[in-house]
Amino acid sequence: MALDELLDEREQGERVKAWLRDNGLGLVGGVAVGAVLIFGWQYWKQRTHVQAVAQHADYQAAVLDIRAGALDKAGERIAALPDSTYGELAALQLAKAQLDAGDRDAAIATLQGVEGADPGVTAVVRQRLARLLIDADRGQEAVALLDGVDDAVSLEVRGDAHFALDQAEQARADYTAALRGLDSAAPQRGLVELKLSQVGGAPDEPEVES
């Protein structure tokens with residue numbers, strides 16, 4: 001090997017050593033951070049899985065209590081559940097069982113205690129709660145509960161609340177808006193149209209294509 005080449009290799013070696021001295025700590029730190037992130041992600045996934053399994057077990061236990069007629073025990077289990085879809089679904093089943101048992105006020109209290117976790121389930125909870133409030137002559141509370149809704153089912157229920165309060169104009173507006181949000185082939189469309197006619201309204205005329 002020529003002397004010049006040997007000197008070049010030594011010079012390159014020295015440069016590598018110098019770079020490692022300057023940047024080695026950063027490399028070690030980057031590896032450490034990466035390891036921590038990977039460990040944290042794995043820990044979070046494992047913990048989330050364990051929590052989901054535990055919540056599902058509690059939900060199943062509450063459902064079994066409901067089926068056995070142990071509604072008070074089921075209520076205690078549901079109250080102990082964290083705010084989650086499982087808690088909402090269990091509360092819906094408990095409220096139905098309470099209503100079937102003739103305890104409408106208990107069903108109302110159960111649904112009022114539900115904290116929103118899943119938007120879709122929360123909408124169903126509010127709709128059912130509003131219907132119970134209307135049945136209990138608490139229409140104004142139902143209207144307030146459904147303030148700001150824009151889906152067809154909730155608008156229909158709010159229209160029912162206004163109808164129960166003899167507020168025909170507001171009921172017409174809600175039923176009309178509900179119809180606009182329903183497909184022309186929707187099975188509940190006929191009922192909403194009937195409700196609209198009861199408060200002096202009429203469905204919008206279908207647009208005629210030219």
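## A tour of the salt bridges

Begin by selecting Asp160, which at 15% relative accessibility counts as buried, because the cut-off for that class is under 20% relative accessible area. The model on screen is a predicted one, and the tour follows its salt bridges, of which the structure holds nine.

Keep Asp160 selected and add Arg131, since the side chains of these two residues meet in a salt bridge with an N to O distance of 3.7 Å. This pair links distant parts of the chain, with Asp160 in helix α7 (residues 152-164) and Arg131 in helix α5, 29 residues apart. Unlike its buried partner Asp160, Arg131 is partly exposed, with a relative accessible area of 37%.

Next, move along helix α5, which covers residues 119-135, to Asp135, and select Arg104 together with it, where the two side chains form a salt bridge at 2.9 Å, N to O. Arg104 belongs to helix α4 (residues 104-112), so this contact ties together parts of the chain that are 31 residues apart in sequence. Colouring by accessibility would place Arg104 among the partly exposed residues, at 28%.

Then select Glu141 and Arg138, whose closest N and O atoms lie 2.8 Å apart in another salt bridge. Both partners are partly exposed, Glu141 with a relative accessible area of 36% and Arg138 with 27% relative accessibility.

To finish, display Arg131, Glu156, Asp160 and Lys195 together, because salt bridges that share partners join these four residues into one network.

Methods
Residues numbered from 1 in each chain as written. Predicted model: local features only at pLDDT ≥ 70, side-chain atom pairs only at ≥ 80, totals over all residues. Heavy atoms only, no water. Helix = DSSP H or I, 4+ residues; strand = E, 2+ residues; numbered from the N terminus. Buried < 20%, exposed > 50% of the residue type's maximum accessible area, 1.4 Å probe, protein only.
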